[in-house]
Amino acid sequence: MTLARSGAALDAVVRVERSGGFVLEVCVEAAAGEVVAVLGPSGAGKSTLLGALAGLDRLDAGHVRVADRVVSAPHHHVPPAQRGVALLGQDPLLFPHLSARENVAFALRAGGAPRADARRRADRWLERVGLGGLGRRRPSEMSGGQQQRAALARALAADPAVVLLDEPLTGLDVETASEIRGVLRDQLRATGVTAILVTHSAVDAAALADRVVIVEDGAVTQRGPVAEVLRAPSTRFVAAVAGLNRIRGTVRGGVWTAADGAGPVLDAPATPEGEAHAVFRPGAVRLVEARDGAAERPTPSGATWAARIVRIEPVPFGAVVQTTAPDVAAEIGTDVLADRVVQVGRDVCLGVDGAQVRFVPAPPPRDTLSP
């Protein structure tokens, strides 16, 4: 049964300056009960953003508002324990000397609940996350997945206004991560808590979040509904996360041409003039026979172009072949591999059906904070 939404709206305008010249300048909003995923490459500033929201890092400019309460500003800082924000990271950080029940009860007792009531409520939370009957176990007697379940129960039991999830599935094996992802999805929906999820996984974002914010080099480069962003990536990073090819180019007179003349030439009659990215799945790329080492001319339905193989990655169905000039990945079957046509360093000819290509206009300038 879904409970009433209890989360508070989050409004954050964050500027944090680090030594060495790195500057994080990001705006993030979440409606009450909404889950927003934050994706970005390593070093983009995701952890710094969470630190600012949690109160671990002070702002150089901007604000963090939870509901109608300002909890962070350049000259105003509410301590982490007093802002109604819970942080759950890769490390469950359970107290090693306490049982699972006492770990969860600790959060409730910190909020003023009597000992007996806290223990009863802790048992109910452990039941909700699939740890019924394991309340007496200490962290050392639990698997990594069980510890993460207990940590989730502790975070939600305190009834926070906002939950910050810092790559909580990293370090878990594939099967355990899938199980915990399901528990997270169910409990976030059931409690209606507002959540910010930092992740590097498109699967996590798609399964758990309503919207996604892409952060690269300290700034937001794309934002919107998860499916919309993953279908139309505006940066190379987002395309890689979504498992798509993305080639820069320009539309002129209804024809899209790859940048520097490298890559396909495709009809794009409905695409606005100017810079645009061609986006398509690796599975849409076909390996065709090159003619005297040169690419064939484009056809109304698609195009072919010359490329060089730089990497071959085995997968269950065959291999993913990475080519350069431009960078494009193609999926090939085991039968093609068996023909020994595909080899690193070999020049080949690739083709793509124009009907399977989307054209994404070049992104606008990055977000900047209001003065």
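**Note on two pockets and the elements around them**

1. Start with a strand pair. Strand E12 and strand E15 (residues 274–280) run antiparallel, and seven bridges join them. One of the residue pairs to look up is Ile247 with Ala278: the latter, in E15, is the bridge partner of the former. Bear in mind throughout that this is a predicted model.

2. E12 also pairs with strand E13 (residues 255–258). That pairing is antiparallel too, over four bridges. Here Arg252 has Val255, in E13, as its bridge partner.

3. Look next at the turn. E12 and E13 form a hairpin with two residues between the strands. Gly253 takes a positive phi in this hairpin, near 60 degrees.

4. E12 leads on to a pocket. The second largest pocket has a volume of about 540 Å³. Its lining counts 20 residues, and the closest to the centre are Arg236, Arg246, Ile247, Gln322 and Asp327. Ile247 is thus a residue to view twice: it sits in this group, and it bridges to Ala278 in E15.

5. Which strand gives the most to the lining of the second largest pocket? E12 does, with four residues. At least two residues each come from helix H8 (236–242), strand E12 (245–252), strand E17 (302–315) and strand E18 (318–324).

6. The make-up of that lining is mixed. Ten of its residues are nonpolar, three are polar and seven are charged.

7. Now turn to the largest pocket. Its volume is about 820 Å³. It is lined by 27 residues, of which Val85, Ala86, Leu87, Ala107 and Ala158 are the closest to its centre.

8. Where does the largest share of this lining come from? It comes from E7, which supplies four residues. Strand E7 (85–88), helix H2 (100–110) and helix H4 (144–157) each supply at least two.

9. How do the residues lining the largest pocket divide? There are 19 nonpolar residues, four polar and four charged.

10. Finally, follow H2 away from the pocket lining. H2 packs with helix H3 (residues 115–128) at an angle of about 120 degrees. Their axes lie 8 Å apart. Why call the two helices oblique? Angles from 65 to 115 degrees count as roughly perpendicular and those over 145 as roughly antiparallel. The angle of about 120 degrees falls in neither class, so H2 and H3 are oblique to each other. Their crossing is right-handed.

Terms used
Residues numbered from 1 in each chain as written. Predicted model: local features only at pLDDT ≥ 70, side-chain atom pairs only at ≥ 80, totals over all residues. Heavy atoms only, no water. 1 Å grid on protein atoms, 1.4 Å probe; cavity = no way out; pocket = protein on both sides within 12 Å on 5 of 7 lines; lining within 4 Å. Points joined across faces, edges and corners; volume = space filled by probe spheres on them. Nonpolar A, V, L, I, M, F, W, Y, C, P; charged D, E, K, R; others polar. Pairing = 2+ DSSP bridges. Axes fitted to C-alpha atoms, helices over the stretch in contact; angles between N-to-C directions. Parallel < 35°, antiparallel > 145°, perpendicular 65-115°, else oblique. Left-handed = near helix turned anticlockwise from the far one by under 90°.
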